[in-house]
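Subject: Handing over the two-chain model

Dear colleague,

I am passing a structure on to you, and below it I have written out what I found when going through it. Please keep it open beside this email as you read.

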Amino acid sequence: MGNVTKTAAEIQLAPARQEMTGPRGPKPGRTLSRRNIMIYGTLIVVSLYYLLPLYVMVVTSLKGMPEIRLGNIFSPPVEITFQPWVKAWAEACTGLNCDGLSRGFFNSVRILIPSVVLSIAIASVNGYALANWRFKGSETFFTILIVGAFIPYQVMIYPIVIMLREVGLYGSLTGLVIVHTIFGMPILTLLFRNYFASVPQELFKAARVDGAGFWGIYFQIMVPMSLPIFVVAMILQVTGIWNDFLFGVIYTKPDLYPMTVQLNNIVNSTQGVKEYNVNMAATILTGLVPLTIYFISGKLFVRGIAAGAVKG
Amino acid sequence: MAAATGPVRWHRNLSAKIAAIPMITTALVVFIGGTAWTVLYSFTSSKLLPREKFVGLAQYERLWSSSKWLISIENLAIYGVFSLVFSLLIGFMLAALLDQKIRFEDTFRTILLYPFALSFIVTGLAWQWILNPDFGIQHVVRSLGWESFSFDPLYDPDIVIYGILIAGLWQGTGLIMCLMLAGLRGIDEDIWKAAKIDGIPMWKTYIFIVIPMMRGIFITAIVLIASGIIKVYDLVVAQTGGGPGIASEVPAKYVYDAMFLSQNLGQGFAASTMMLLTVIIIVVPWAYLEFGGKRRG
């Protein structure tokens, strides 16, 4: 899988290379040339199109139902109300529970934190072993792991249900945490293996001469040197796990559903009158965590997805 | 760090071996074991629970005579072809635009990529609202005076898959754009200078020089889009729930429904095995092209 790993490295390097050599293409004219109008015009129109759904969601969530029935979805709210947000967070019903999306939010947090910690801990140690402590067969297992990333989840869903049922974890948050750890492993291991492999070997050898062992080198040299890659892995996992729907709906039960599953149940429930403003407030609330991560992390997010891109 | 020769000392690298246990377990038990198990049980008549009663290809015969499955496959094909073509086209064109040494490049990129941070559920629900015939685009255009205007993809079985496509492209093109932009930045500036001196028009330089040089990025993008297409599930669940009727069913949803809603495990296993087969058909030629000759070298 040499080339896969190389592609990941290239993609990660690309932004850096850009800064070194400067942007490409002909220099823009000082005045508003026809070419510039075309370029900026197209980009602005496309950007507006990409922003449109977010805008529509926000304005819908701030209107009252009578206004939604009368007006059109693009018009800004005449009378701003935060009632839909309150209702979406604390009162909306799914099944028998009427405590709103807050339940899903806290379930997602309870899934997210251990999943992120566990998957990164395991994958970083794996990547470290693969980069610095190869043993007989280690590359074979790694190849299987990467090839396995291409297998559709649907093929492995049911055997995992059986395994979790056997150990009594089916339907629990712990079970879901294990599932997230398993399916995060290929891409994260790849990420860490490539990063650790780029750490100078002399450093590793010097530490060995000084008598440091497997764990000593990992905790005292590798981890402190690799904080950026830990951040990239975290961004990747937080967005991935927060946005998961399939595993949540399969491996947990209604009381423990993550936010995405609960959101879908609230919005697509066939009972009662549709409250579009509440639905849109709930939708934004669910998207808020990954969006915040996205806007805060900026270029690191791009690095994370570029690395994750190779996973497919 | 070659493996020990002669009698293998089992405790050599013991810590590394212990640390690798989760990876080894995942690779062998879940990925290989789980896949083999599902393929094996796709030949049984399992209903509510897995049973070892083998019935040959009966599940596959049933699968391929089920109209829900045939519609799923047809939808996947339509969604797949359009999603592949438009993702590459739009992604490349946006990347080329961003690559023109423009101002506010970061702002534009941030705007074009943000949908990728959102889940398919959020994407699906947002577009369900925008495409809602009574309130959304159709309603707005009609209220502007064009009374006969009709744009109702989510309630029209013939075009519902295109309604899902719109949402899918909105969510995913930003990623392809980022990949392409990274690829464009990897092209040597001298190429551009040489093309300019030779008087080759810009579009020709892109098509005949730059794109062939970005072969690797294009292959990565295609593999990426293709494996995303096969997995498409959440988007459909959120946007249409497979409806109207069964008009927007997809294979991943067929598998979930068979396994967890209609207690028809055998069908679920057979359908997921077909999905695996599709992936193999896509990935193996790619892997062969990419690593085939070089692997042993």
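How many residues of chain B are in contact with chain A, and with how many residues of chain A? In this model, which is predicted, 86 residues of chain B are in contact with 83 residues of chain A. On the chain B side, helix H2 (residues 21–41) gives the most to the surface that touches chain A, with 13 residues. If you sort that side of chain B by class, you will find 58 nonpolar, 19 polar and nine charged residues.

Before going into detail, it is worth looking at the confidence scores. The model scores ipTM 0.88 and pTM 0.87, and chain B averages a pLDDT of 88, with 94% of the residues scoring at least 70. One stretch calls for care, however, since pLDDT stays under 50 over residues 1–6 of chain B, and for these residues the model has five contacts beyond four places in sequence. Where pLDDT is low, the predicted coordinates should not be read in detail.

One place where the two chains meet

Which way do helix H2 of chain A and helix H6 of chain B run relative to each other? The axes of H2 (residues 34–61) of chain A and H6 (residues 120–130) of chain B come within 10 Å and cross at roughly 75 degrees. Angles of 65 to 115 degrees count as roughly perpendicular, and H2(A) and H6(B) are therefore roughly perpendicular to each other. From H2(A), the contact is made by A:Pro53, A:Val56, A:Met57 and A:Thr60, while H6(B) brings B:Ala126, B:Trp127, B:Trp129 and B:Ile130. Of the residues in this contact, seven are nonpolar, one is polar and none is charged.

It also helps to ask how H6(B) sits in the structure as a whole, that is, how many of the residues of H6(B) are buried. Eleven of the eleven are buried, so H6(B) is largely enclosed by the rest of the structure. The buried residues of H6(B) include the four named above, B:Ala126, B:Trp127, B:Trp129 and B:Ile130, and also B:Phe120 and B:Gln128.

Chain A

Chain A has 15 helices and zero strands, and buried residues make up 47% of its 312 residues. Among the contacts in chain A with a separation of 6 or more, 75% are between residues 24 or more positions apart.

The domain assignment of chain A gives domain 1 (32–81) and domain 2 (102–309), and the centres of these two domains, taken over C-alpha atoms, are separated by 34 Å. Eight residues of domain 1 are in contact with seven residues of domain 2. On the side of domain 1 that touches domain 2, the elements that give two or more residues are H2 and helix H3 (65–70) of chain A, and the largest share, four residues, comes from H2(A). By class, that side of domain 1 has four nonpolar, three polar and one charged residues.

Backbone details in chain B

Most residues other than glycine have a negative phi, and most peptide bonds are trans. With that in mind, you may like to look at B:Lys101, whose phi is near 50 degrees, a positive value in a residue other than glycine, and at B:Phe104, which has a positive phi of about 60 degrees although it is not a glycine. B:Lys101 is found in the loop between helix H4 (67–98) and helix H5 (105–117) of chain B, and B:Phe104 lies in the loop between H4 and H5 of chain B as well. B:Lys101 counts as partly exposed because it has 14 C-beta neighbours inside 10 Å, and B:Phe104 is partly exposed, with 14 other C-beta atoms within 10 Å.

A cis peptide bond joins B:Gly243 and B:Pro244, with omega at about -5 degrees. B:Pro244 is found in the loop between helix H12 (234–239) and helix H13 (251–261) of chain B.

Finally, please look at B:Lys68, which has its place in helix H4 of chain B. B:Lys68 and B:Gly245 are 177 residues apart in sequence, yet 9.8 Å apart in space, C-alpha to C-alpha. Leaving aside its neighbours within four places in sequence, B:Lys68 is in contact with B:Ile246, B:Glu249 and B:Tyr254. With 18 C-beta neighbours inside 10 Å, B:Lys68 counts as partly exposed.

With best wishes

Note on methods. Residues are numbered from 1 along each chain as its sequence is written. Chains are lettered from A and ligands numbered from 1 in the order in which they are written. This is a predicted model: local features need pLDDT of at least 70, side-chain atom pairs count only at pLDDT 80 or more; totals for chains, interfaces and linings use all residues. Two residues are in contact if their C-beta atoms, placed from the backbone, lie within 7 Å. Ala, Val, Leu, Ile, Met, Phe, Trp, Tyr, Cys and Pro count as nonpolar, Asp, Glu, Lys and Arg as charged, and the others, Gly among them, as polar. pLDDT is the predictor's confidence in each residue, from 0 to 100. Axes are lines fitted to C-alpha atoms, for helices over the stretch in contact, and angles run from 0 to 180 degrees between N-to-C directions. Angles under 35 degrees count as roughly parallel, over 145 as roughly antiparallel, 65 to 115 as roughly perpendicular and the rest as oblique. Domain bounds come from an automatic or database domain assignment. A residue is buried if 20 or more other C-beta atoms lie within 10 Å of its own, exposed if 12 or fewer, and partly exposed in between; C-beta atoms are placed from the backbone.
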